[in-house]
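Trainee: I'm new to this one. Can we go through it together, one question at a time?

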Amino acid sequence: MRFRFIGALSLAVAAVGLFAVTAPAFAQSKTITVWWGKGFYKSEDDALLDTIKKFEAKTGIKVELSQYAIQDMIPKTVAALDSGTVPDVAYSDSYDVQAQGKWAYEGKLEDLSDILLPMKDAFAPNTLETALLYNDVAKKKAYYGFPLKQQSMHVQIWGDMLEKAGFKQADIPTKWEDYWSFWCDKVQPAIRKATGQRIYGIGQPMGVESTDSFQSFYTFMDAYHVKLVDDDGKLLVDDPKVREGLIHALKDYTDTYIKGCTPPSSTTWKDPDNNVAFHNKTIVMTHNFTISIAAKWYEDSTNPALTDAQRAAGKQAYEHDIITASFPKAPDGSTIKYRSDVKTGLIFANAKNKAEGKEFIKFLLQEENVRPYIEGALGRWFPVTKASQASPFWQADRHRKAVYNQFTGGTAPFDFTKNWKFTILNNENVWAKAMNRVVSEKVPVDKAVDELIARIKQVAG
């Protein structure tokens with residue numbers, strides 16, 4: 001087996017299912033090419049490599065694996081589609097958000113209904129449905145992708161910094177306005193007085209190149225019950241209530257910056273930057289679309305390459321100092337229903353070895369193969385099947401329990417699963433652009449919202 005590992009750390013992948021795979025006669029001399037996003041942790045990549053070895057031994061199909069950094073996957077895939085030399089199987093954390101719906105619409109993806117429908121009952125709610133997309137060439141909806149894992153919004157807090165500021169977790173308000181005021185008006189001045197350092201109460205992602213800013217802003221929209229599309233993907237932005245909700249959401253999001261409660265660099269943050277700020281303890285809390293922040297410290301606690309002191313610091317942070325929490329109640333007192341982002345892999349319509357590629361997917365989706373891969377991500381990703389969600393792994397500590405409770409409490413899909421043109425809006429990050437219009441260019445919030453609505457209508461109408 002030949003491997004090529006290209007790129008830097010990025011996110012990880014996983015898949016779920018139940019099917020056994022037998023070796024077809026045609027497979028004995030076949031080789032398939034697989035492109036995969038590089039794992040965030042070594043344990044993820046090790047689990048993938050182990051599955052590939054088992055697959056080769058069982059089926060006789062050889063796998064040529066290439067792994068790439070997350071930021072490289074879309075450009076490489078677009079180039080492959082243009083040249084007609086696509087891989088047989090591909091996965092990227094960015095496919096669903098940025099490209100899958102468009103490629104399905106254009107007829108560039110293979111229908112995977114034949115392997116997914118037989119295992120439909122294995123999937124948890126709001127997972128398999130996200131791969132049911134419309135193909136305008138075939139004039140039908142079908143499963144143009146296979147679900148692997150999912151992520152949602154969490155809040156990460158330094159509990160020890162909170163205590164140093166004179167507060168405890170029980171002091172954190174649950175009401176919307178009180179919650180944000182607490183971090184800005186109480187915790188920030190108190191931690192600065194206690195430490196003599198310029199520490200910020202909140203790490204608010206606002207960068208145009210950051211998916212964190214898009215995902216976080218959706219949570220603020222959901223707090224105001226903003227619904228941009230209906231279940232058929234039709235825009236609802238002409239509803240005055242939608243505009244009103246967007247104005248409230250954007251004002252609340254940008255007020256954190258205007259009041260000086262998030263680092264000035266927040267407007268240019270990329271995805272790793274709020275994590276880095278948290279790890280460096282220059283912010284007390286941040287919201288993030290996985291628990292990768294806490295998981296980093298868990299990995300440190302078990303990393304044999306680190307010193308005893310570094311491992312002890314990781315253990316202290318993960319087991320005692322870091323809090324994984326949820327957002328406060330919505331302004332009307334209701335509980336926010338969080339968005340889940342279901343990550344999917346693909347087979348392209350013009351792949352050379354589609355039958356063998358499907359065999360690989362079916363093998364990967366077996367519980368004994370996918371579970372080590374999901375759990376190798378140390379809690380960053382949540383499973384998409386009922387069996388994996390029931391694993392003791394998710395009850396092992398308070399961080400994973402928080403993830404489990406949030407997902408099992410019910411989630412909702414993003415708008416791009418209903419209207420693929422939202423992938424274009426996400427690529428542009430119109431949400432972060434609106435934020436920056438307010439905080440950097442001093443545009444009134446209502447004007448920035450009107451510009452946002454106009455762009456949504458222009459692209460997705």
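Trainee: Which residues of α12 are buried?

Mentor: Keep in mind that this is a predicted model. A residue counts as buried when its relative accessible area is under 20%. In α12, the ones that make the cut are Gly314, Ala317, Tyr318 and Asp321.

Trainee: Where do they sit around the axis of α12?

Mentor: Look at the arc they cover: only 130 degrees around the axis. That puts them together, so the answer is the same side of α12.

Trainee: And which exposed residues does the face turned away carry?

Mentor: Exposed takes over 50% relative accessible area. On the face of α12 turned away from its buried side, that gives Asp308, Ala309 and His320.

Trainee: How far apart are the end C-alpha atoms of α12, and what span should we expect?

Mentor: The helix runs over residues 308–321, which is 14 residues. At 1.5 Å a residue, they should span 20 Å. The model agrees with that, since the end C-alpha atoms are 18 Å apart.

Trainee: What covers the buried residues of α12?

Mentor: Several elements do, among them the helices α6, α11 and α16. Strands take part too, including β11 and β8.

Trainee: Gln156 is in β8. Is Gln156 buried or exposed?

Mentor: Its relative accessibility is 0%. Buried means under 20%, so Gln156 counts as buried.

Trainee: Which side chain does the side chain of Gln156 make a polar contact with?

Mentor: Don't mix it up with a backbone partner: a polar atom of the Gln156 side chain lies 3.0 Å from the backbone nitrogen of Ala294. For a side-chain partner, go to the pair at 2.7 Å, which is with Thr324.

Key:
Residues are numbered from 1 along each chain as its sequence is written. This is a predicted model: local features need pLDDT of at least 70, side-chain atom pairs count only at pLDDT 80 or more; totals for chains, interfaces and linings use all residues. Side-chain values use heavy atoms; hydrogens and water are left out. Helices (H or I, at least four residues) and strands (E, at least two) are DSSP runs, numbered from the N terminus. Buried means under 20% relative accessible area, exposed over 50%, partly exposed in between (1.4 Å probe, protein chains only). A polar contact is a pair of N or O atoms within 3.5 Å; within protein, one must be able to donate a hydrogen and the other to accept it, and residues adjacent in sequence count only if both atoms are side-chain atoms. The expected span of a helix is 1.5 Å times one less than its number of residues. The arc is that of the directions from the helix axis to the C-beta atoms. Contact means heavy atoms within 4.5 Å.
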